[in-house]
Amino acid sequence: MMADNKNKTPILELRKLCRYFGGLKAVHEVDLVLEAHALNGLIGPNGSGKTTIFNVITGIYEPTAGEVIFDGQSIGGLNPYVINQMGIARTFQNIRLFPNLTVLDNVRIAYHPYAGYGMNDAVLHNGKFNQKERELTEKAQDFLRVFNLQDRQAEIAKNLPYGEQRRLEIARALASNPKVLLLDEPAAGMNPNEATNLMELIHFIRGKFDLTVLLIEHQMRVVMGICEKITVMDFGEVIARGTAQEVQRDKHVIEAYLGPGADELSKQYLKEKAK
Ligand code: ADP
Ligand code: MG
């Protein structure tokens with residue numbers, strides 16, 4: 001009974017969320033409820049407003065209208081750092097790492113706000129500082145192990161193969177200890193095999209770190225296997241929501257994916273499912 005209630009608690013909610021750029025309604029009156037511990041998808045052709053939703057949730061843009069509610073609190077318009085501290089972390093469609101730092105330092109840096117020692121300790125390099133540093137390193141190494149990057153820790157981030165950079169970015173996001181993880185096309189640029197492995201990994205970390213995950217993807221096939229619920233956008237608005245089975249049969253979704261923003265593989269996927 002209790003467990004059931006816990007699962008039904010919305011942790012993140014968008015209410016009639018709008019973000020306009022001049023006359024362009026990039027996001028228009030979007031409602032979305034993310035229940036605690038869910039692994040949900042946000043899909044739609046290119047330019048349909050998916051990334052803009054993440055940018056508003058994480059404080060990069062203020063909402064033009066509507067609300068973002070996180071853990072019962074209205075967070076629309078707060079600054080990105082505050083929102084991250086509250087428990088929302090994200091990755092970017094275009095990878096953002098510290099390219100010239102090591103793999104290990106990329107993850108260690110994400111911990112620092114939580115490290116619990118002051119500037120004095122750091123300047124004096126005293127015992128407390130050294131102990132905290134060791135703890136940080138060990139925690140960062142734990143994360144790297146989850147993402148199978150432990151053998152890469154001393155490498156410079158920009159020298160990693162693309163798929164590993166993508167995994168490192170997720171490790172970094174997790175290191176800030178979020179409740180909600182927003183992933184913006186994490187499988188972009190991966191081959192189908194890598195993409196499948198990544199989706200399995202995302203499913204695994206959701207359980208291991210007790211996360212709620214919202215996953216953006218423009219290619220349909222990638223999310224259909226792992227997302228419990230899927231919201232589909234087109235031209236800034238929600239056009240369908242439901243399970244993979246439900247949305248792939250929805251006539252608005254099929255129409256949207258015939259349009260110019262949709263990729264060939266998704267078109268093909270829908271055709272196969274329609275058979
Ligand atoms: P998606 O992630 O679904 O591909 P986006 O959210 O990136 O789509 O973009 C939605 C629409 O909003 C697009 O037409 C895009 O050009 C526009 N847009 C996004 N950000 C800005 C911005 N900062 N200024 C002007 N237009 C923007
Ligand atoms: Mg995008």
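These legends go with a handful of close-ups of a predicted model.

**View 1. Two side chains hold the magnesium ion (ligand 2).** On the protein side, the donors are OG1 of Thr51 and OE1 of Gln93, and they lie 2.0 to 2.2 Å from the metal. The two come from distant parts of the chain, 42 residues apart. Thr51 belongs to helix H2 (residues 50-57), while Gln93 is in the loop between strand S6 (88-90) and helix H4 (103-111). Are these donors buried or exposed? Neither, quite: Thr51 counts as partly exposed because its relative accessibility is 25%, and Gln93 is partly exposed too, with a relative accessible area of 29%.

**View 2. Helix H2, tucked into the rest of the structure.** Seven of the eight residues in H2 are buried, so the helix is largely enclosed by what surrounds it. Here's the roll call of buried residues: Lys50, Thr52, Ile53, Phe54, Asn55, Val56 and Ile57. Thr51, the magnesium donor from this helix, is partly exposed at 25% relative accessibility. Just past the helix, look for Gly59, which follows H2 and has a positive phi near 85 degrees.

**View 3. An open sheet of four strands.** Read across the sheet and the order is S2-S1-S4-S5, with antiparallel pairing. Strand S2 (24-35) and S5 sit at the edges with a single partner strand each, so one side of each has no neighbour in the sheet. S1 and S2 are joined by eight bridges, and one spot to check is Glu13, which stands opposite Val33 in S2. On to the next pair: strand S1 (residues 10-21) and strand S4 (residues 65-70) run antiparallel and share five bridges. Leu12 faces Phe70 of S4 there.

**View 4. The hairpin of S4 and S5.** S4 pairs with strand S5 (residues 73-74) in the antiparallel sense, over two bridges. Phe70 turns up again here, with Gln73 in S5 as its bridge partner. Two residues lie between the strands of this hairpin, and Asp71 takes a positive phi near 50 degrees.

**View 5. The largest pocket, with a lining drawn from two domains.** Its volume is about 530 Å³. Lining it are 22 residues, and those closest to the centre are Asn84, Arg90, Phe92, Arg172 and Ser176. Helix H3 (80-86), S6, H4 and helix H7 (162-175) are the elements giving two or more residues each to this lining. Which element gives the most? That's H3, with five residues. Domain 1 (8-87 + 178-275) and domain 2 (99-177) each put in at least three residues. By class, the lining of this pocket splits into 13 nonpolar, five polar and four charged residues.

**View 6. The second largest pocket, where H8 supplies the largest share of the lining.** This one has a volume of about 350 Å³. There are 19 lining residues, with Pro192, Ala195, Gln219, Arg221 and Val222 closest to the centre. Helix H8 (192-208) and helix H9 (220-224) each supply at least two residues of the lining, and H8's share comes to five. As for the chemistry of the lining, count nine nonpolar, six polar and four charged residues.

Technical notes
Residues are numbered from 1 along each chain as its sequence is written. Chains are lettered from A and ligands numbered from 1 in the order in which they are written. This is a predicted model: local features need pLDDT of at least 70, side-chain atom pairs count only at pLDDT 80 or more; totals for chains, interfaces and linings use all residues. Side-chain values use heavy atoms; hydrogens and water are left out. Donors are N, O and S atoms within 2.8 Å of the metal (3.2 Å for Na, K and Ca); water is not among the atoms, so sites may look incomplete. Buried means under 20% relative accessible area, exposed over 50%, partly exposed in between (1.4 Å probe, protein chains only). Two strands pair if DSSP finds at least two bridges between them. On a 1 Å grid over the protein atoms alone, a cavity is a set of points where a 1.4 Å probe fits but cannot get out, and a pocket is an open set with protein on both sides within 12 Å along at least five of seven lines; lining residues have an atom within 4 Å of a point. Grid points are joined across faces, edges and corners, and a volume is the space filled by probe spheres set on the points. Ala, Val, Leu, Ile, Met, Phe, Trp, Tyr, Cys and Pro count as nonpolar, Asp, Glu, Lys and Arg as charged, and the others, Gly among them, as polar. Domain bounds come from an automatic or database domain assignment.
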